[in-house]
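Hi,

Here is the structure I promised to pass on. Have a look at it first, and my notes follow below.

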There are 2 protein chains.
Amino acid sequence: MEKVTVYTIAKNLGVAPSTVSKILRHTGNFSDDLRLKVLAYIKDIGYVPNASARVLKSRKSWTIGVIYTEESKIGLEHPLFSNILQTFKDSVEREGYDISFIVRQIGDNHMSYLNWCKNKKVDGVLIVVGSPYNPEVIELVNSDIPCVSTDIVKEHLHTIISDNRQGIELSINHALELGKKRIGMITGPLTATHLLYRFNVYKEVLKEKNIPFDEKIVISSKGFGFNSGYEAATILLDRNEEKPDLLLVGSDILAFGAIQAIVAKGLRVPEDIAVIGYDDIIFASMARPSLTTIRQNTKEIGKVAAEVLLDMIENNKPNHTAITRIPVELIKRQTT
Amino acid sequence: MEKVTVYTIAKNLGVAPSTVSKILRHTGNFSDDLRLKVLAYIKDIGYVPNASARVLKSRKSWTIGVIYTEESKIGLEHPLFSNILQTFKDSVEREGYDISFIVRQIGDNHMSYLNWCKNKKVDGVLIVVGSPYNPEVIELVNSDIPCVSTDIVKEHLHTIISDNRQGIELSINHALELGKKRIGMITGPLTATHLLYRFNVYKEVLKEKNIPFDEKIVISSKGFGFNSGYEAATILLDRNEEKPDLLLVGSDILAFGAIQAIVAKGLRVPEDIAVIGYDDIIFASMARPSLTTIRQNTKEIGKVAAEVLLDMIENNKPNHTAITRIPVELIKRQTT
DNA sequence: TTGTATGCGTTATCAC
DNA sequence: GTGATAACGCATACAA
């Protein structure tokens, strides 16, 4: 099987290579005769264009880089992020773009995010999981490569993220409707910007509702896992005579840990302490008691992120500070 | 900022472009003086090589294609597959390879898996989720592009997969130790080769142990989700006077559905019916009752798959029929 | 509407 | 040890 290029085709058909190229790229006008003849021959001979040559010449790679895992290594293992990436991938695919994971190891020497992107000539970048303080992320965002994020909020970055204010408001309103008076909170680590944001909103909404803020029923977990939730809830319960009657928890996973801790103290969910999670991962509906939670619309986040990024790429828009908030939804289940 | 290429470097340093290239690729011998001088200058001027040009010339892309989602669209959303991919990615990264999702849409026209791979000149392919009957998968596996799979078993394909015989044996032995006599099974859809395999092993092991096979306590679920498990268990329970006292279930997710169905019938888990799942997804330990299950070693699967594929790539080994089985582990929890 | 010439940035090959 | 040169496959400006 000979390697077949535009040249082969051109020669065998008695036309010029450029003609073949133009027909393939739908650029320029050609007689239907010629076009069909070339297309038919290409299919017949099994010609496949060479992406490298094309990228080299045209400076466009039709590839989007994805930052998906940092030091934390949660990346692919967190269902929330996987879901967002899946929708994003489907959306950009439809426009002809591929997805490639950004890596900082080429052979045995380290390569920065930005250099990797330059090396691969990616057209844009999606930051699904990243640290806003990582110098390499900063460098990338400040470059002229279009970036969007579905995670971190930063200067010069367009972020597509859940409407976390709405999430907290929905939670607190639901709690009040249930007649709950002592609404506590277990946040995740406050180093995560969106968790800090939610905590601040929590305090603001309490103030608006004239509910006193009591720091004794608020705690920040050490990590993001089940055990962190268990641990945080245990500490919180131990230090309170007058326990909270409802807990807002930073994620569903943490919430499951907290529920176990509550049960371990001999208290009932939701009778003694109700629990509202965040995310609506698939297990929220499967667990018993099933978890009342704030559903993040991962499909919409992925889809909008794709739209924003492709718009930047195709219309040459530079990186800019922006936040697009995607509405969330309160899903009432058995824990409230 | 001028674009800087090997040519620029060569000119400014008074050497030949080929020399620069060779120093960068650690190929050929050079005086330490020259090498250090070139390396220093490259760092100084901020040179980033162009991957396309390199691929074009050298015919090696340092990229591995991943088939991760087919019609089913489960792909990224299934934690088992995500975990395998994560480890695989980490392993190949360390050797300098990137991961790129294989896509069949380039611009507005469809492209087969094989053509995509040729187009991108990928060095190898990992099939994380695929159908063994898909003509495009078959075409790819029969090509000279190295492939491994962590999912499907096929001619001409090296598959790295859990030791499912061991998994079934461990489950049944555990059941017998618990004094269970009527061991039923809820398999997933038997169109999945590994699920069919497990079902066959189940029958074999029963025979070895002289336990009669009763098709009334065996059922195949319609799908892979929680509801499929619920539905299958309900049907199974409804049609039996003498109910099973233990159920082997094809996956943890299905098992959770089955447990709900059992409870809905007013039966207790594990007292009336014990349940053993498969996979050990993270929720297995979080649920109440926590799920006894067969843990698949996703890290090992991903790691071995990387080793096998890189060996094929780097030593020019063609596709071949093979199965590497990774040991599983019985995790005893509250459902038994 | 079609063809010609050139270059994208790198590396393989051969020569010195 | 180091350099000159061609070629990888395609797309573009320009010419016809």
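How much accessible surface does chain A have, and what share of it belongs to carbon and sulfur atoms? The total comes to about 14900 Å², and carbon and sulfur take 52% of that. Keep in mind that this is a predicted model.

Staying with chain A for a moment: its secondary structure adds up to 13 helices and 14 strands. The radius of gyration is 26 Å, well over the 20 Å that the globule rule gives for 336 residues, so chain A is more spread out than a compact globule. The C-alpha trace spans about 90 × 35 × 35 Å along its principal axes. Even so, 56% of the 336 residues count as buried. As for the contacts in chain A with a separation of 6 or more, 69% of them are between residues 24 or more positions apart.

Now the DNA, starting with strand D. It has 27 residues around it, and the closest are A:V6, A:Y47, A:R54, B:K22 and B:R59. If you take the atoms of strand D that come within 4 Å of the protein, 66% are sugar and phosphate. Two of the phosphate contacts go like this: a polar side-chain atom of A:Y47 sits 2.4 Å from a phosphate oxygen, while B:A16 uses a backbone N or O atom, at 3.2 Å from a phosphate oxygen. The bases get a contact too, with a polar side-chain atom of B:K57 lying 3.0 Å from a base nitrogen of strand D. The elements that give two or more residues to this surface are α1 (6-13), α2 (17-24) and α4 (51-58) of chain A, plus α2 (17-24) and α4 (51-58) of chain B. By residue type, the surface near strand D has ten nonpolar, nine polar and eight charged residues.

On to strand C, which is surrounded by 26 residues; A:K22, A:K57, B:R25, B:Y47 and B:R54 are the closest. Here 64% of the DNA atoms within 4 Å of the protein belong to sugar or phosphate, and the rest to bases. B:Y47 places a polar side-chain atom 2.5 Å from a phosphate oxygen of strand C. Backbone N or O atoms also reach phosphate oxygens of this strand, at 2.7 Å for B:V6 and 3.0 Å for A:S31. At least two residues of the surface near strand C come from each of α2 and α4 of chain A and α2 and α4 of chain B. That surface divides into nine nonpolar, nine polar and eight charged residues.

Cheers

Notes. Residues numbered from 1 in each chain as written. Chains lettered and ligands numbered in written order. Predicted model: local features only at pLDDT ≥ 70, side-chain atom pairs only at ≥ 80, totals over all residues. Heavy atoms only, no water. Near = heavy atom within 4 Å. Polar contact = N/O pair within 3.5 Å; in protein donor to acceptor, adjacent residues only side chain to side chain. Helix = DSSP H or I, 4+ residues; strand = E, 2+ residues; numbered from the N terminus. Nonpolar A, V, L, I, M, F, W, Y, C, P; charged D, E, K, R; others polar. Rg over C-alpha atoms; globule rule 2.2 N^0.38 Å. Buried < 20%, exposed > 50% of the residue type's maximum accessible area, 1.4 Å probe, protein only. Contact = heavy atoms within 4.5 Å. Areas by Shrake-Rupley, 256 points an atom, 1.4 Å probe, with all protein chains shown as cover.
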